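Reader: I am new to this structure and would like to go through parts of it by question and answer. Please keep to plain statements.

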Amino acid sequence: MGKAKANAGPLARRPDNSAFKQQRLPAWSPMLTAQTVLPFFYGMAIVCVLLGVWLLVTVQNTHELKVDYTHAGSCDKCFEKRKDRANANQSCNCTVVFNIENTFKGDVFFYYGLINFHQNLRQYMDSRDDGQMIGRNKNLKNPSYYCEPFIKDKNGLPIAPCGAVANSMFNDSFTLMYHSAAGSRVVPLFRKGITWYTDKNVKFRNPQVENKTLTLAQVFEGTGQPLYWQKPVYDLDPWDRNNNGFINEDLIVWMREAAFPNFKKLYGVLNRAIEPFTDGLPAGNYSVLISYNFPVEYFQGRKEVVLSTVSWFGGQNNFLPVAYLVTGCLILLLAVILTAVWWKFGKNGRNMKE
Amino acid sequence: SNWPCKPTPTVRKQNKGDDSPQKKIHYSDNEIKTTKYTLLSFLPKNLFEQFHRFANVYFVFIALLNFVPVCNAFQPQLALAPVVFILSVTAIKDLWEDYRRHRSDKEINHMDCLVYSRYKHQYMERFWKEARVGDFIRLRCNEILPADVLLLSSSDPDRLVHIETATLDGETNLKQRRVVCSFLDLDCDFDPSKYNSVIECEKPNNDLARFRGYITHRSGRRDGLYKDNLLLRGCTIRNTEECVGIVIYAGHETKAMLNNNGPRYKRSKLEKQMNVDVGWCVIILLVMCLFSAIGHGLWMYQYGDKRPVFDVLSPEGAELSPVLSAIYLFLTMIIVFQVLIPVSLFVSIEIVKICQVYFIHQDQDLYDEETDSHLQCRALNITEDLGQMQYIFSDKTGTLTENKMVFRRCTVAGVEYSHDANGETILSQMTFKRFHSQSLSQLPSDLTDIIDFFIALTICNTVVVSSPNQPRQKVGTDSGPRWKIGTEGSPVLRKLRQVVGSGRSRLTGESWLTGGSGRSWLTGGSGRSWLTGGSWLTGGSGCSGCSMQTGSSGCSMQTEPGALEEGELRYEAESPDEAALVYAARAYKCSLVGRLPDQVTVELPDLGKLSFELLHTLGFDSTRKRMSVVVRHPLTDQITVYTKGADSVIMDLITLPSTDDSKGKRQRKILYKTQNYLNLYAADGLRTLCIAKKVMTKEEYAVWLRHHLEAETAIQGREELLFQSALRLEINLHLLGATGVEDRLQDGVPETIASLRKAGLQIWVLTGDKQETAINIAYACKLLEPDDEIITLNADSQVRSSHSTLTLRSFQKDYAPAYSFPPPPPSPSSSQTQSFLVHRLGLVIDGRTLAYALDSSLDEKFLQVARSCRSVLCCRSTPLQKSMVVKLVRNKLKVMTLAIGDGANDVSMIQVADVGVGISGQEGMQAVMASDFALPRFRNLQKLLLVHGHWCYSRLANMILYFFYKNAMFVALIFWYQFYCGFSGSAMIDQWYLIFFNLMFSAFPQLITGTLDKDVSSETLQELPQLYMNGQNSEEYKPYMFWMTMIDAFYQSLVCFFIPYFAYADSDVDLLTWGTPITTLALFTILIHLGLETKTWTWMNWVSITFSVGLFFTVALCYNASCPTCYSPSNPYWTMQRLLREPLFYLLCVITPVAALLPRLVRGRCVSVYESENVWDVHVCSRPHSEMLNTTGVVDLTVKC
């Protein structure tokens, strides 16, 4: 303003004649004429339909098998047993038998599934301490208030890992058996490498101590195990000492809270180095030996085992291909109607007025 | 409003003379501080101000709610972010504005002035801010006054100072101020050290036109102080070498500062409507929260006593009852859903409005080269109201017309003279008298009337004479040239003067003689022809007059008026009418050559210079509608009153002569004729004034004078007493004649009115002028068509006016079949259509009838009648009536009103209307000061309303709707999720995205679109004013549109929620890995939605959208990579990085926006085309060819849909 006044003259206050100030910036006004809109519609329709078909074919080549074992087969008795919390410490094993009709080709993933388990409750989800899980010594003994009320056990010791999420960790374990003519054999599963790389290596670390010679049990000394747990965190995997503590992969998988109340979580991946599983899971009879610990009766939940192969864009899910097809068809339909009207009423807009 | 002017503690009491005042009263110093804040007070004060806005309180409440553990939803610190952001954006804006004020303050405070130092006994250069009350200040010509100063001394021999008050009221004519009377006779220089008086005056107030006080001298003498003695801060000294004054009011107590109140705050119609919908949003929010709370309670209840393993107990370990947890959840949900109430909406609207104001400012079409002025937006927040106007109330003079007055005709003593053709008629008569060389009193009465008429034209005003060669230099009287400093005693010059003076007087006489009947100066009708025709200019002494000026370079000699450059004299008048009359009189050789407070000098052709002793000036006021001067006639020595005023008033004051004698009959005839001519003038659209005179006997005068002096010296109710005194004087007048002054229409007025009318605007003209004049102007500017039926309402009493209204009603009924007159419509919106059906009626109402019509018993009827008419003219209306009419229409019809005017009499109307527009024209700045928008010309109104108004409205309306859509769509996503998480208040959208989505990721494109989008081009809007009705009927933002928007938002959010839901169902996806794509999809959908709404794409739109998307991914990637533990309770570590590697993410990004926006794409086209179909016909007929293509394309689709 001050400058404008400085160059006084007869037209000193005349506004600049720039395109911006006069609101005359070169602009593109999308003109929605039949000639521009229709090709666009047809193009969209074709893209969507083609993509949909392709996705549909891809999905058809994947396999999935769900086995609900909540009280199937011999698990019925375990289900009854878990109704009573007093029996929590008694182990219960059961077996569920199933049959695979077509060979699961490719990588086969072994999931456990929970139905009606709300891992996405706000208070539940918040009830964890990432600082503790990342191995901060301060948080190990002094968990965050977010873990309330699962901070201290009844002895007053800080719980590690604290919080409701860890407390409610799924603790069934499975052994998948393949029954062929050559006899029964355990299907080999990778129980490691089932987590996100960043989880295993960044988000979850065991507490770091100066003295490298200390065992994990000593590191966790002075902490209590979560209320519902049968074993302490440093003893989760009795077969692999490096899979214990906070970096236990089952724990890490569990800690990645599911989005929906019905979810599955990865338990293992088929080890295809061993015959006859090099191609995937062959067709035949299978059984799962289950160490049945996790009670679901309280929330009317169900448990299942899921075997699945995946495509390049995810598991067996027909929704996306169908969505593409439907959308594509809708656009096509609209385009056809528009074309028909356009054709009927002539290409000249004036005709419409008559 | 009267402060008692007594020496009570409340009154300013100033002691001067001795350095130690007995009683210290705090006076503000001259440092001005218009800043609102100091460094210390900024934060608390600004926050306090911001919390006056309800929305801010609400957001702070929500942020604080987050600190309550049972219902916290986000990281509490993070939840503060939006509030802090909003508050700080506003605070930064305030701070910047304040800083600018501070800078200008500093500049002003550090200007220099000469202040008398009591210790050094001389004037010292000081900063303005160092001047104190009681300081003596010396001011030189063209200096600006640093404070309100009481004038004590002036170098002017008449002890006058001329000031220009343009900065105060915009009036450019010079005003005279005089030295306090006690110092009048001070011959030598004023010596401050000898000053020894006490000044008492009223408390500081903002009344520019009033100042009262006393000065008490040590001798005990007391003199009154008047506004004539006060020089106001901000004015400029003109025509005066030097003056000295004492500071009375300093700094913020000066009248200029007290008058300075910042921009006005108004709330626009759109904003009011928006606030209603914000209210609805609150209700929707509460419903959603309640729904969730009940859902949560039920969900808890279904588990009964068996608590599921994932149910988290309260920190105390106690189990929460379903009811209690439902209550907690309700609060939590308010936090989670807070985005539904658009936090950033208010800030965004402010930003967009500032940009709109900027663009309106910059528009070259609203710039007037002649006056070098452009549009000023004085109210920053009602730009969109410009697009919704329904009624325009316009002043006539200066608004529709130029207010450049040209004298056209006059009638004197019943004889009519036209200025152009018959000029000689009067003059030849006037010259006649020269040969009679009789005293004036013995001349025939019509001749004296002519002379008196011109004398009245010349002196009955407040015109100041100046010379254009030395602008702003006062032209003195015939007392001879006045020498400036250093030339005072120059004998050469004095001698020269004598030569010139004598030469003039001699030659003047000669020219008469040589000219015989004086034709030489008559023919041209201008002073110059006389001068050139005369011989003496070529003579030696005339020449020496010229060379004298050049020779005495450096000592600027003031020109002697009437001698050398008489034709160049300029008159500075308060109103253009006055100037026109004085110029006209000069054209007839009756020129005003000088004006002093107590003397007016007039040069008459044969009589030479006559000095009238000016006894009183009774200024013009709008109640009396006249002004008078009381003079002592130099020839007859009679006390004569000359009165000039509106014909309606003057005619009533004329003494009706008796019908007995012939003289009386003749008088009556003259009266009758004059009245006829007046009507004729008015019919020609001229402004009429009557001139009258009265001769007082010494006794009459003495009686009146006594009362008048009492009134003048009265302390209380002085104005009222003076008014009464004037009334007493202005009676029994003798009519001299009347004048007709033409006021030309401004350029483009008829076109503007026609196009505004096409735009569905009702135009009412409210004027103080005569009915005939007004009607004539109305015809001239196409407000009335020749074949219009005109209803005139003139009534003397309420009963009669009521009666006439009733007749009018029946008249309507009579006409009903012929003109298909519809019944008064129930809603204002349909009144537009009605106004098109009834286009044969014009209503004219005069001020007196208007007073009855505005009465509460009749106003409904009046309105009904007025609404049925195409145009309404209110004549002879007072400023108050003008504002009452506006108020009545605004309140009763519930319409948007715009008042436009240029003078002080329009101020009240401008203030009452929804939008007040001032014309920065001839009559000062009062109207502009009161207005929301100030225009250089009336025709600018067309672009301002039709283009900028339309744009501002449609941009803002669309932006508001878009805001509601955006927030509702985003929040609904979370709401749907509640069905899958036991109504626990979880959000799959990470808290950061949730909070910054509105503030950052989606904020910029909509600001760009809201600022730059043009739904229709400027050319088309001006060619098709009908498009303006779009805004009048609020078609861009109707109440149902809010709900349509909401439904659309819910649909889109359903798509954006369920496509990812089903795509990820049955998988091992975790919450944030699923929620982040939803956020992305929502962003894409929202941006593409905006893209569909954007009619014109400039590079800025592209940049802003690219920026938004880029910003989102950058922030997401950085946020997800930065810290695995910092953002508890959520932990999105590496989520985005992983998602970007998943094909599924991209597949979703393609399908979801398409599916979400497909209905809108199709339906939106249909609706918009359907709506514009009305305009289609016109489009096709009158649109430029290039735009035709566009239209036909759009229409294509209509049919298809």
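**Aromatic pairs and helix contacts**

Author: This is a predicted model. By the rule used here, the count of aromatic pairs over all chains comes to 84.

Reader: Are the rings of B:Y980 and B:F1058 stacked or edge-to-face?
Author: The ring centres of B:Y980 and B:F1058 lie 6.3 Å apart, and their planes stand at 70 degrees. Planes over 60 degrees apart count as edge-to-face. The pair is therefore edge-to-face.

Reader: How many residues apart in sequence are the parts that this pair ties together?
Author: B:Y980 belongs to the loop between helix 29 and helix 30 (991-1001) of chain B. B:F1058 belongs to helix 34 (residues 1039-1064) of chain B, so the parts tied together are apart in sequence by 78 residues.

Reader: Is B:Y980 buried or exposed?
Author: The relative accessible area of B:Y980 is 18%. Buried means under 20%. Its partner B:F1058, at 22%, is partly exposed, whereas B:Y980 is buried.

Reader: Which helix holds B:W1074?
Author: B:W1074 forms an edge-to-face aromatic pair with B:Y1061, at 6.5 Å centre to centre and 75 degrees between the planes. Both B:Y1061 and B:W1074 are buried. B:Y1061 is in helix 34 of chain B, and B:W1074, 13 residues apart from it, is in helix 35 (residues 1071-1093) of chain B.

Reader: Are helix 29 and helix 31 of chain B roughly parallel or antiparallel?
Author: Helix 29 (residues 940-978) and helix 31 (residues 1003-1012) of chain B have axes 8 Å apart and pack at an angle of about 160 degrees. Angles over 145 degrees count as roughly antiparallel. Helix 29 of chain B is therefore, relative to helix 31 of chain B, roughly antiparallel.

Reader: Is that crossing left-handed or right-handed, and which residues of helix 31 of chain B take part in the contact?
Author: The crossing of helix 29 and helix 31 of chain B is right-handed. From helix 29 of chain B come B:R955, B:M959, B:Y962, B:F963 and B:K966. The residues they meet in helix 31 of chain B are B:Q1006, B:T1009, B:G1010, B:T1011 and B:L1012.

Reader: How many residues of helix 25 of chain B are buried?
Author: Helix 25 (residues 859-868) of chain B is mostly covered. Its buried residues are B:D859, B:F862, B:L863, B:V865, B:A866, B:R867 and B:S868. Of its ten residues, the number buried is seven.

Reader: How do helix 25 and helix 26 of chain B lie to each other, roughly parallel or perpendicular?
Author: The axes of helix 25 and helix 26 (residues 879-893) of chain B come within 11 Å and cross at roughly 90 degrees. Angles of 65 to 115 degrees count as roughly perpendicular. The two helices of chain B are therefore roughly perpendicular.

Reader: Which residues of helix 26 of chain B are in this contact?
Author: Helix 25 of chain B contributes B:D859, B:E860, B:F862, B:L863 and B:R867. By class, the contact has five nonpolar, no polar and four charged residues. The helix 26 residues of chain B are B:L888, B:V889, B:K892 and B:L893.

Reader: Where does B:F983 lie?
Author: B:F983 has a positive phi of about 50 degrees, although it is not a glycine. With a relative accessible area of 12%, B:F983 is buried. Its place is the loop between helix 29 and helix 30 of chain B.

Note on methods: Residues are numbered from 1 along each chain as its sequence is written. Chains are lettered from A and ligands numbered from 1 in the order in which they are written. This is a predicted model: local features need pLDDT of at least 70, side-chain atom pairs count only at pLDDT 80 or more; totals for chains, interfaces and linings use all residues. Side-chain values use heavy atoms; hydrogens and water are left out. Axes are lines fitted to C-alpha atoms, for helices over the stretch in contact, and angles run from 0 to 180 degrees between N-to-C directions. Helices (H or I, at least four residues) and strands (E, at least two) are DSSP runs, numbered from the N terminus. Angles under 35 degrees count as roughly parallel, over 145 as roughly antiparallel, 65 to 115 as roughly perpendicular and the rest as oblique. A crossing is left-handed if the near helix is turned anticlockwise from the far one by less than a right angle, and right-handed if clockwise. Contact means heavy atoms within 4.5 Å. Rings of Phe, Tyr and Trp (its six-membered ring) pair if their centres lie within 6.5 Å; planes under 30 degrees apart count as stacked, over 60 as edge-to-face and the rest as tilted. Buried means under 20% relative accessible area, exposed over 50%, partly exposed in between (1.4 Å probe, protein chains only). Ala, Val, Leu, Ile, Met, Phe, Trp, Tyr, Cys and Pro count as nonpolar, Asp, Glu, Lys and Arg as charged, and the others, Gly among them, as polar.
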